[in-house]
Amino acid sequence: MKSYRKELYFTTNKRREYINITPDVERAVIESGIKEGLCLVNAMHITASVFINDDEAGLHQDFEAWLEKMAPEKPYSMYHHNGYEDNADAHIKRQIFGREVVVAITNGELDFGPWEQIFYGEFDGMRRKRVLIKIIGE
Amino acid sequence: MKSYRKELYFTTNKRREYINITPDVERAVIESGIKEGLCLVNAMHITASVFINDDEAGLHQDFEAWLEKMAPEKPYSMYHHNGYEDNADAHIKRQIFGREVVVAITNGELDFGPWEQIFYGEFDGMRRKRVLIKIIGE
Amino acid sequence: MKSYRKELYFTTNKRREYINITPDVERAVIESGIKEGLCLVNAMHITASVFINDDEAGLHQDFEAWLEKMAPEKPYSMYHHNGYEDNADAHIKRQIFGREVVVAITNGELDFGPWEQIFYGEFDGMRRKRVLIKIIGE
């Protein structure tokens with residue numbers, strides 16, 4: 001069994017942003033030399049998500065509006081967590097969108113359906129944060 | 001390390017439907033010959049989910065009503081994604097219910113608690129869509 | 001390839017509770033002797049979650065209040081599932097927070113960012129329930 005590990009770094013310009021990291025993960029799969037296995041991609045921070053969906057700007061606007069309706073950023077005082085912090089909404093948004101994805105590797109490639117793309121979902125950005133890629137297989 | 005790959009196909013009669021795919025996954029585990037490992041089951045489309053919950057018709061009615069309240073199908077015009085499409089709600093429903101499950105394989109079987117069943121959750125159906133099963137282990 | 005399996009047991013005092021199980025999972029990783037691999041941690045029951053977030057009491061209050069707003073426990077009669085049961089809300093809460101986490105193991109340790117902690121999220125407690133840890137790797 002082989003394994004491979006890589007970190008990605010992000011500093012977004014806005015508090016909330018979606019970044020397509022599919023090319024980075026594809027590169028890591030090639031670097032790993034693994035042909036058959038599983039690829040874990042997870043946010044290493046608890047106010048961010050990694051998820052798979054469509055790379056369509058309108059949909060990302062819908063995600064932003066919908067998450068803000070579900071768990072609004074403000075007023076900050078509505079959350080107990082926000083004594084010294086202001087990011088309780090980001091913790092909740094991350095719970096909805098999830099921490100990680102696990103993707104099959106087949107014939108040395110991400111084994112994807114036609115529209116699957118991997119996104120880093122930042123909900124409390126403007127500072128350096130990390131994503132972990134861990135691949136195991138043969 | 002061994003690996004095994006299989007696709008399942010679904011064309012639902014309704015836009016939204018829950019299909020118990022546990023027997024299909026159990027069959028794949030047997031076909032794989034893998035006794036100890038991990039089994040990934042994921043929707044290959046971004047308007048569908050794979051999740052684990054109870055096979056109880058009343059609960060599935062509750063899921064349907066609850067998801068419709070959270071992210072209603074209509075009016076289509078409420079979503080930016082719905083210029084040429086009408087399925088923004090399905091992309092959001094899939095975000096809530098998740099893309100995939102990872103299940104342990106122990107002694108050649110899905111290592112489940114008493115009521116765990118695997119479902120394909122279709123949120124934009126009436127056309128052919130796929131689920132991927134990928135098993136690694138020994 | 002090596003594999004390791006362990007169950008954890010919980011009987012909470014309240015219907016809903018969050019328990020930090022990181023030390024239990026760390027112990028299992030050591031017991032497994034696995035240095036590089038993947039660690040699956042999943043609820044074996046369908047009214048409970050395993051998830052990763054912050055160990056901060058105010059945030060857990062926010063989670064409780066937010067989930068109750070999203071899928072209230074009462075009135076029980078609002079759910080079709082609640083004919084003989086009263087836990088439809090717990091099934092839905094678990095859908096939002098997810099069943100499982102998959103964590104990378106690197107150099108014999110959980111490969112975590114600075115604040116990641118693993119929680120058992122109980123949504124229908126006061127009885128004995130289980131979590132499965134399954135580790136594969138080398």
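How are α2(A) and α3(B) oriented to each other? Let's look at that contact first, keeping in mind that this is a predicted model.

## Where two helices meet

Helix α2 of chain A covers residues 57-70, and helix α3 of chain B covers residues 88-97. They pack at an angle of about 55°, and their axes are 10 Å apart. Angles of 65 to 115 degrees would count as roughly perpendicular and angles under 35 degrees as roughly parallel, and α2(A) and α3(B) are therefore oblique to each other. As for handedness, α2(A) and α3(B) make a right-handed crossing.

So who does the touching? On the α2(A) side, the contact is made by Leu59(A), Asp62(A), Phe63(A) and Trp66(A). From α3(B) come Ala88(B), His91(B), Ile92(B), Gln95(B) and Ile96(B). Sort the residues of this contact by type and you get six nonpolar, two polar and one charged.

## A look at chain A

Now for chain A as a whole. Its secondary structure adds up to three helices and eight strands. Walk along from the N terminus and you meet them in the order β-β-α-β-β-α-α-β-β-β-β. The C-alpha trace of chain A spans about 50 × 30 × 20 Å along its principal axes.

Chain A has 138 residues, and 64% of them count as buried. Its accessible surface is about 5,200 Å², with 49% of that belonging to carbon and sulfur atoms. Here's one about how the chain folds back on itself: take the contacts in chain A between residues at least 6 apart in sequence, and 83% of them join residues at least 24 apart.

## Cis bonds in two loops

Most peptide bonds are trans, so the next ones are worth a look. In chain B, the bond from Lys74(B) to Pro75(B) is cis, with omega near 0°. Pro75(B) sits in the loop between α2 (57-70) and α3 of its chain.

Chain C has a cis bond too, from Lys74(C) to Pro75(C), with omega near 0°. You'll find Pro75(C) in the loop between α2 (57-70) and α3 (88-97) of chain C.

## Positive phi at Met126

Most residues other than glycine have a negative phi. Met126(B), though, has a positive phi of about 65° and is not a glycine. Look for Met126(B) in the loop between β7 (117-122) and β8 (129-137) of chain B.

Over in chain C, Met126(C) has a positive phi as well, near 65°. Met126(C) lies in the loop between β7 (117-122) and β8 (129-137) of chain C. Is Met126(C) buried or exposed? Its relative accessibility is 53%, so Met126(C) counts as exposed.

Note on methods:
Residues are numbered from 1 along each chain as its sequence is written. Chains are lettered from A and ligands numbered from 1 in the order in which they are written. This is a predicted model: local features need pLDDT of at least 70, side-chain atom pairs count only at pLDDT 80 or more; totals for chains, interfaces and linings use all residues. Side-chain values use heavy atoms; hydrogens and water are left out. Axes are lines fitted to C-alpha atoms, for helices over the stretch in contact, and angles run from 0 to 180 degrees between N-to-C directions. Helices (H or I, at least four residues) and strands (E, at least two) are DSSP runs, numbered from the N terminus. Angles under 35 degrees count as roughly parallel, over 145 as roughly antiparallel, 65 to 115 as roughly perpendicular and the rest as oblique. A crossing is left-handed if the near helix is turned anticlockwise from the far one by less than a right angle, and right-handed if clockwise. Contact means heavy atoms within 4.5 Å. Ala, Val, Leu, Ile, Met, Phe, Trp, Tyr, Cys and Pro count as nonpolar, Asp, Glu, Lys and Arg as charged, and the others, Gly among them, as polar. Buried means under 20% relative accessible area, exposed over 50%, partly exposed in between (1.4 Å probe, protein chains only). Accessible areas come from the Shrake-Rupley method with a 1.4 Å probe; for residues, only the protein chains shown count as cover.
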